[in-house]
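Work through the following exercises with the sequence and the model side by side. Each task is followed by a solution that goes step by step.

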Amino acid sequence: MLLNRKQSGKRWHLRPDGAPKVTGQLQYLTDMTLPDIIHGRVLRSEYPYARILSIDTSEAEALDGVYAVLTSKDVPGLNRFGIATPDQPVFCEDIVRYVGDAIAAVAADSPERAALALDAIRVEYEELAPLNSTDAALAPGAPELHEHGPGNVLHRTEIKRGDTEQAFATCDHIVTETYYTPRQMHAYMETEGGLFVPDEEGRLNVYAATQHGYKDRMQLARIIGCPEEDIRVVSSPIGGSFGGKDELNVQPYGALLALRCGRPVKMHNSRKESVRAGLKRHPMKIEMKTGMSQEGIIQAHRVRITADTGAYATLGAPVLNFCTEHCLGPYAIPHVDVEGVSVYTNNGLSGEFRGFGGNQAIFAMEGQMDRLADIMNMDPWEFRRRNMREKNDPGPLNQRILVTDGLSQVWEALDRSELWQKHQQPPADPSLPPWIKRGVGAAIAMHGAGLGYGIPDPAGGRLSLNNEGKIEVAFSYEEFGQGLIATLEIMLCDLFQCSTSDLSIIIGDTDRVPHSGSSTASRSTTMAWMALQRLQTPFRSRVLAVASEMSGVPADELVTGPGGIWRKGQLPAETSEVESESGFIVSYAELATQGKAAEWIFDTKFDYPTTPDNVVGGHYLYTYAAVAAEVEVNTLTGETKLLDTRHVVAAGPVINPMGFIGQIEGGSVMALGFTLTEDAVMQDSRYVTTNLDTYLIPTIQDIHTNLEVEAIEDLPEGDSFGPRGIGEIGSVALAPAITAAIHQATGVWVNRLPVPREQLVRPLNVPLQEGVSPS
């Protein structure tokens, strides 16, 4: 199915939060306020690496309008947080490890007074030489940033099979390249913040963005030293996250200040503070050596991955696991030698980010494929087909995976696309000046969904008929721009033939929803669909049975529909004034009055599917994508423009066409920045790009309008996992497609992102040469 803005054949469902968002009427969590709020701020380290000699808060505490000044001695529970490895201090005790490390927090009657209080805190440091690169951190004798060593290594990974050295000795062609990827910002519109409200019963209400409401509650309970049930976390709606709000950010400080002061505390990071303290995509160096036979069959693949995880762990270990899994691509390679290392440095914080290590790995692996095809003088798409895994082959870690035809389907669909045909026969355009060069490139990807084996990944949901007579669904997922609420509406309307006015959707509130797992790893749509498949039968049976008792009509002659229960075959074509129709039996509101409320509630719990072979970090479900991109390169300035793209995505049935396109478009724009413009540059472990005036995210001027998305909806017979999430698959393969297009246009092999413009600049009298080195 080809999706575009004029697509027909499927219902286009308007987002219920769309109009409020575009008109500015939607109240985000950072928009919330109360009459008696006070304002919190955090004092952060001046240095990337230093020893704290003393902290004097007396002057700040004496200021009028200052209600609290907190340091590490004021943390009643665990003075640490971190979703996987709790190694980040809430407040530093004796060492600071990056320029965003928290030293103290204040609460005052105005933001300006809070800023004055921060200025009044006196901290004496002994500055230390920062470890400003992974090489420096791994060097013999380097100081250890954490006591749990060894050295400055957070995590190591490896995949070994076959005999790579022997295989390389027999290879006819070998390509060796090192790839570098940038420290990318999430650049969400809503920076970190929220409202923290203690209530009269001693509970704490937290209104702050996260993708893990229950995980936030667990971590905050450890910090405060209270039962989890004493904390309520409300986590939607969110003005963007992309993984950047996975970890706690302002929550520990807002919570502690609110409990200390007994008043609501509001916190909201400035953009500069968000840059300074927030997560970034892991910068990586990926060294690859790949050998093939004379026939163009890959025999051996050696990879060394080095990831800069920054000062603390966050999810650096799982990101490295994911990168390691995906650096083999969707290819059948008999001899493999992969090693990865995630390294602590003083370079800010690297953590979760859309694509989760797949972006870096796929850029490198697809780059190798293009270079190998070039050596063979072979069409690069045909070269990929020659080396692709068969559908029954094991996954990258030699694990069993769910069998689908997705890989071959996306390959074939892109191969016959009009855009890819332009690569095979590049059209001459005499109207272009000689310094403007055009090219087309393509890339392919398989991307794991879910958290992977070895990480708790619970799922579930609740379906009920509430007291107001609404079909209510409750999940712990969050809405952060991906269109989840619209997708849930469509699922429910399809299941029960009801209207949206019959629905109540509850998400992102730990007091009101069951634990459904995180809103990460492209899992929410699949897990919600699977939960509803489990819940629909008991719910429908109950509803129809009660309607039958009330009406005397046999249950097998009844169906759910708009407004309530109907006779089979008599559902109205329109949903307005349904109760006047002759086939209408009883309303949902009337049904809800029958029996106890608990009798209308249905719950399910299950685990996200992981590899049956229990391969650590391995995935069982994959989505597949192929991307073609056309670029225009100005060889006078080095500027590259993206002119056209074609995405083919095999992710099962499309539930929400508008949301599907939105996710692919959004992921593409993020990938465009990753490829051409975005890099949070650091010098001596300090950010040089401190705001969005110097950090270049794509604007509307940079985004081409000709983007086509083809969705392959086929699933094998008996597939029980339904639609796959596509929040990440649109972001992982565009970078190598663009760099392949740049090579066709200019002859330059790009191995570093964002693409260095100086590599592409050529004097008018110097012709470009095929295979020009990027060095």
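**Exercise 1.** Determine how many bridges join strand β30 to β33, and whether the two run parallel or antiparallel.

Solution. Start with strand β30 (residues 640–650), which is joined to β33 by 6 bridges, the two strands running parallel; strands here are DSSP runs of E with at least two residues, helices are runs of H or I with at least four, and both are numbered from the N terminus. Two strands count as paired if DSSP finds at least two bridges between them. Next, follow A650 across to β33, where its bridge partner is I712. Finally, look at the cover of strand β33 (residues 707–712), of whose 6 residues 5 are buried, buried meaning under 20% relative accessible area, exposed over 50% and partly exposed in between, with a 1.4 Å probe and protein chains only. The model is predicted, so local features need pLDDT of at least 70 and side-chain atom pairs count only at pLDDT 80 or more, while totals for chains, interfaces and linings use all residues. Residues are numbered from 1 along each chain as its sequence is written, and side-chain values use heavy atoms, with hydrogens and water left out.

**Exercise 2.** Explain why helix α12 is described as largely enclosed by the rest of the structure.

Solution. Count first: helix α12 (residues 406–415) has 10 residues and 7 of them are buried, which is why it is largely enclosed by the rest of the structure. The buried residues are G406, L407, Q409, V410, W411, A413 and L414. Then ask what they pack against: the elements are α11 (380–387), α13 (418–424), β21 (436–449), β29 (621–634), β30 and β33, where contact means heavy atoms within 4.5 Å. One of these buried residues, W411, also forms an aromatic cluster with W381 and W420.

**Exercise 3.** Write down the strand order of the open sheet of 7 strands, and find which strands stand at its edges.

Solution. The order is β4-β8-β2-β15-β12-β13-β14, with mixed pairing. β4 (66–70) and β14 (231–234) stand at the edges with a single partner strand each, so one side of each is left without a neighbour in the sheet. Neighbouring strands of this sheet are turned by 20 degrees against each other on average, direction ignored. Within the sheet, strand β2 (residues 38–44) and strand β8 (residues 102–108) pair in the antiparallel sense over 6 bridges, and R41 stands opposite V106 in β8. Helix α3 (residues 111–120) lies across β2, β4 and β8 and runs at about 30 degrees to β2; axes are lines fitted to C-alpha atoms, for helices over the stretch in contact, and angles run from 0 to 180 degrees between N-to-C directions.

**Exercise 4.** Classify the ring pair of Y47 and Y125 from its centres and planes.

Solution. Rings of Phe, Tyr and Trp (its six-membered ring) pair if their centres lie within 6.5 Å, with planes under 30 degrees apart counted as stacked, over 60 as edge-to-face and the rest as tilted. By this rule there are 12 aromatic pairs. The centres of Y47 and Y125 are 5.0 Å apart and their planes are at 75 degrees, so this pair is edge-to-face. Because Y47 lies in the loop between β2 and β3 (50–56) and Y125 in strand β9 (residues 122–127), the pair ties together parts that are 78 residues apart in sequence. As for cover, Y47 is partly exposed at 21% relative accessibility, whereas Y125 is buried at 14%.
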